[in-house]
Amino acid sequence: MNINIRNLNKAYGSEQILKNFNIEFSDDNINCIVGKSGCGKSTLLNIIAGLIDIQGGEINGAALSDISYIFQEDRLIEWLNVKENLELTLKKYFDSSILDAKIDEVLELVGIYDIKNKYPNELSGGMRQRINIARAFGKPSKIILMDEPFKSLDYKLKYTIIDEFKNLLNKEKRMVILVTHDLDEAIYFQGNIFVFSNKPVIIAGRFSSDLENCKEEILKII
């Protein structure tokens, strides 16, 4: 089911972020949002997730129960080991009789089963982000929201984890909406790219094919 957003309005005091804003996200592709810092990308993501109230408009096709959110920071609890961090989230969705098996399954999925008894401070940034992804895929959601989740990773590790993420999506189809400041990252996902500009936000461009050759055009818009 696509997400349809119609006539959305959001302001912080006198600053209008979204005004009669319309957009549709496809459920059969990765939807990337790019644009300058502060243009409203994360605000829209947080509205879809139900974390921010709006002042008008409607969102159809999304329900809080259908959403997993991968934030910029991994939000792991340092005094809980990897398994316990996942338990904290996933116990809301799975009976205790199958919870352990589900945790093992998602850890295997992201290739970190062997670290399930380690604590966050023993892990690299890449390992911590894999846990973040495992937590999102562990939740029985139809939609994954991602707010610059690869921002803190070095170049090589970033693209290794992106490849792993794309492989996961081939196994478990989910709608993805990704906010990023990195155009190369958005192009690498080979999905839909929405270019945000100005405030109130406008969609200055949408690209969905031949993305590598559209790079210069997108950069001019940004």
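Here are some exercises on the predicted model above, each with a worked solution.

**Exercise 1. Work out whether the protein chain is as compact as a globular protein of its length.**

Start with the parts list: the protein chain has seven helices and nine strands. Next, take the radius of gyration, which is 18 Å. The globule rule gives 17 Å for 222 residues, and the two values are close, so the chain is as compact as a globular protein of that length. For the outline, the C-alpha trace spans about 45 × 35 × 30 Å along its principal axes.

Now look at how the chain packs against itself. Among contacts with a separation of 6 or more, 68% are between residues 24 or more positions apart. Buried residues make up 50% of the 222 residues.

**Exercise 2. Describe the surface and the charges of the protein chain.**

Take the area first: the chain exposes about 10800 Å², and carbon and sulfur atoms supply 46% of that. Then count charges: there are 28 positive and 32 negative ones. Finally, compare where they sit on average; the two mean positions are 3 Å apart.

**Exercise 3. Which residues of the largest nonpolar core touch the most other members?**

A bit of background helps here: in soluble globular proteins, nonpolar side chains tend to be buried together. In this model the largest nonpolar core holds 44 residues, and I133, F165 and I193 touch the most other members. Helix α5 (residues 155-171) gives the core its largest share, six residues.

Zoom in on I133. Skipping residues up to four places away in sequence, I133 touches I70, V110, F150, I161, F165 and L168. Then step back out: another core, of 27 residues, lies apart from the largest one, and I17, F21, F25 and M175 are among its members.

**Exercise 4. Decide whether N9, R130 and N85 are buried or exposed, then list what they touch.**

The cut-off you need is that buried means under 20% relative accessible area.

- N9: this residue sits in strand β1 (residues 3-12). Its relative accessibility is 16%, so N9 counts as buried. Leaving out residues up to four places away, N9 touches Q16, L18, K19, N20, I54, Q55 and G56. Check K19 in particular: N9 and K19 are 10 residues apart in sequence, with 4.6 Å from C-alpha to C-alpha.
- R130: look for it in helix α4 (residues 125-138). With a relative accessible area of 13%, R130 is buried too. Beyond its neighbours within four places in sequence, R130 is in contact with V110, I112, L157, T160, I161 and E164.
- N85: this one is in helix α2 (residues 82-90). At 3% relative accessibility, N85 counts as buried. Neighbours within four places aside, N85 is in contact with L76, I77, L80 and P120. For a long-range check, go to V195, which is 110 residues from N85 along the chain; their C-alpha atoms are separated by 35 Å.

**Exercise 5. How many residues of helix α1 are buried, and what follows the helix?**

Helix α1 covers residues 41-48, and seven of its eight residues are buried, which leaves the helix mostly covered. Go through them by name: K41, T43, L44, L45, N46, I47 and I48. After α1 comes G50, with a positive phi near 80 degrees.

**Exercise 6. Where in the chain do E148, Q190 and P200 sit, and what is the backbone doing there?**

First, know what to expect: most residues other than glycine have a negative phi, and most peptide bonds are trans.

1. Begin with E148, in the loop between β6 (143-147) and α5. Its phi is positive, near 45 degrees, and the residue is not a glycine. E148 also counts as buried, at 9% relative accessibility.
2. Move on to Q190, in the loop between α6 (183-189) and β8. Q190 isn't a glycine either, yet its phi is positive at about 55 degrees.
3. Finish with P200, which is in the loop between β8 (192-197) and β9 (202-207). The bond to check is the one joining K199 and P200: this peptide bond is cis, with omega about 0 degrees.

Terms used. Residues are numbered from 1 along each chain as its sequence is written. This is a predicted model: local features need pLDDT of at least 70, side-chain atom pairs count only at pLDDT 80 or more; totals for chains, interfaces and linings use all residues. Side-chain values use heavy atoms; hydrogens and water are left out. Helices (H or I, at least four residues) and strands (E, at least two) are DSSP runs, numbered from the N terminus. The radius of gyration is taken over C-alpha atoms; the globule rule is 2.2 Å times the number of residues to the power 0.38. Buried means under 20% relative accessible area, exposed over 50%, partly exposed in between (1.4 Å probe, protein chains only). Contact means heavy atoms within 4.5 Å. Accessible areas come from the Shrake-Rupley method with a 1.4 Å probe; for residues, only the protein chains shown count as cover. Lys and Arg count as positive and Asp and Glu as negative; His and the chain ends are not counted. The place of a charge is taken as NZ of Lys, CZ of Arg, CG of Asp or CD of Glu. A nonpolar core is a set of buried Ala, Val, Leu, Ile, Met, Phe, Trp, Tyr and Cys residues joined through side-chain atoms within 4.5 Å.
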